[in-house]
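Notebook, backbone oddities first, then sheets, then a pocket. I opened the model and worked through it by element.

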Amino acid sequence: MKALMVGLGWMGKKHFKIWKSLGVEIVAVVEKCNFSINKISEQDKYHKDLSVGLNDKHVFDNVNIIYSLEELGDIDYDFVDIVTNENTHVNFAEHFLNLKKPVIIEKPIATDYDSVVRLIDLAKKNGTYIYAGHLLRFDERNIVVKENLDNSILYASFNRSFQSASLKKYGHSPSLYTSLVHDIDLLNYFFSVDESQISNISYHYISQNKYTADLVTDITFKLKNCIVNLHNDWLVSESNEFGFISSYDLRGLKKNVSVSNQPVVGIYNKERKEVPDLFYWNFAYRPSGALYLMLEHFLNCIAKGEESTIVSMNDVLITYGIVDKLLRYRRK
C-alpha cells in the first residue's frame with residue numbers, strides 16, 4: 001500500500017514510524033514551506049517521546065517532502081493520512097475526498113459540526129471513506145471496559161487536564177473539540193449515545209480571553225438515567241511527568257470502573273521528573289498499542305475497501321453531534 005501523508009509534526013512523526021513498521025510505502029509528505037524535520041515543536045516541550053521498538057534514527061532519511069498539492073503531479077498513492085493542525089483538516093480532506101481517495105484524519109476531523117457533516121456527505125458521494133483518529137477506541141483497557149459494561153451505570157465522570165503551556169498548541173479551538181472530544185467519543189463508544197437522550201445540561205467554566213478554549217470547562221448532563229460529568233482544565237503543574245492527567249470513573253449499584261494515567265499518589269513541586277507521558281504512549285509503538293492498532297485497522301479497512309466497524313462515519317457524526325449540542329448550550 002502507498003500512503004500520502006499531510007503533516008510531519010509531533011503526531012505526524014508517530015504515524016510515519018508506524019506506517020513504516022507496517023510496510024506502507026510513504027510516497028510523499030506535504031508540509032509547510034518553512035518546515036524542518038529537526039524543528040522542535042510546541043508539543044515536544046510538554047509531551048515526552050517514547051518510541052519503543054521504532055526508534056531507528058534513520059527512519060526519516062530520504063523523505064520526499066513537497067510544499068504544495070500542486071507538486072503532487074502524477075504521484076500514485078492509495079490513501080491519505082492528514083496529521084496537521086485541526087484548522088487545516090477540512091480543506092485538505094475536501095481536496096482528497098473529491099479525488100475519491102480514502103482519508104485518515106487525526107481528531108478532531110473538523111472544529112465545527114457543519115464541516116463534519118459536509119466531509120462525511122462528500123465521502124459518501126464519492127464512494128470512499130473517512131477514518132477518524134479516535135484512538136481511545138483502540139486502547140485495550142477501553143475495549144475490555146466496553147465488553148463488560150451494562151445498563152447499571154448511574155454516574156460517569158471523565159476528567160482531562162493539561163499543562164497551561166499546551167494552550168499555545170490546543171487553545172485556538174474550544175476544548176470540546178481538541179481535548180474533551182476524546183472523552184465524548186469514549187462516552188459514545190461505551191453507551192452508543194443518541195443525542196436526544198441528553199438533557200439537563202449544566203455548564204461551568206472560567207474563560208481566558210487569549211484563547212478560544214476555556215481555562216476550566218466543567219459540564220454535567222443527564223444521559224438516560226445516568227449523570228455524566230465532563231471536566232477539562234489547563235492547570236497541570238509543569239513538573240508533572242505525564243504532560244497531562246486523564247481519568248474516567250463509571251459507577252453503578254452493581255459495577256464500578258476506574259481508569260487513569262496517573263500513579264496512586266502524585267505530589268508535584270519544582271523538580272521535573274524525566275518520565276514519558278501519556279497513559280497509552282508507553283506501549284503505543286508496539287503491536288499492542290492504541291495508535292498502532294488504530295492505523296493497522298484503518299490499513300486493513302482500506303485494503304478491503306470497507307468502512308471501519310470500530311469508528312464508523314455514523315459514530316463520528318454522533319460524537320461531533322454531542323459536541324455541537326453541548327457547545328450550543330454553552331453559547332446561550
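Entry 1. I began at P108, which sits in the loop between strand 5 (103-106) and helix 4 (113-125). The model is a predicted one. I checked the peptide bond from K107 to P108 and found it cis, with omega near -10°.

Entry 2. Next I looked for positive phi outside glycine. K100 has such a phi, about 65°. I placed K100 in the loop between helix 3 (89-98) and strand 5. Is K100 buried or exposed? Its relative accessibility is 54%, and the cut-off for exposed is over 50%, so K100 counts as exposed.

Entry 3. K224 also has a positive phi without being a glycine, with a value near 55°. I found K224 in the loop between strand 9 (216-223) and strand 10. I noted K224 for the pocket entry below, since it is among the residues that lie nearest the centre of the second largest pocket.

Entry 4. I then traced the open sheet. Six strands form it, in the order 3-2-1-4-5-6, and the pairing is parallel. Strand 3 (65-66) and strand 6 (130-133) are at the edges with a single partner strand each, so one side of each has no neighbour in the sheet. For one pair I looked up the register: strand 1 (residues 2-6) and strand 2 (residues 25-30) are joined by five bridges in the parallel sense. In that pair, M5 stands opposite V29 of strand 2.

Entry 5. I turned to strand 7 (153-163). Which strands does strand 7 pair with? Strand 11 (residues 244-252) runs antiparallel to strand 7 and is joined to it by nine bridges. Strand 10 (residues 226-236) runs parallel to strand 7, with eight bridges between them. As register marks I took S157, whose bridge partner in strand 11 is D249, and N159, which stands opposite H231 in strand 10. I also checked burial: eight of the eleven residues of strand 7 are buried, so the strand is largely enclosed by the rest of the structure.

Entry 6. Last, I opened the second largest pocket, which holds about 270 Å³ of space. Its lining has 14 residues, and D150, N151, I153, F191 and K224 are the ones nearest the centre. Strand 7 and helix 8 (180-191) are the elements that give two or more residues to this lining. I sorted the lining by class and got seven nonpolar, four polar and three charged residues.

Definitions and conventions
Residues numbered from 1 in each chain as written. Predicted model: local features only at pLDDT ≥ 70, side-chain atom pairs only at ≥ 80, totals over all residues. Heavy atoms only, no water. 1 Å grid on protein atoms, 1.4 Å probe; cavity = no way out; pocket = protein on both sides within 12 Å on 5 of 7 lines; lining within 4 Å. Points joined across faces, edges and corners; volume = space filled by probe spheres on them. Helix = DSSP H or I, 4+ residues; strand = E, 2+ residues; numbered from the N terminus. Nonpolar A, V, L, I, M, F, W, Y, C, P; charged D, E, K, R; others polar. Buried < 20%, exposed > 50% of the residue type's maximum accessible area, 1.4 Å probe, protein only. Pairing = 2+ DSSP bridges.
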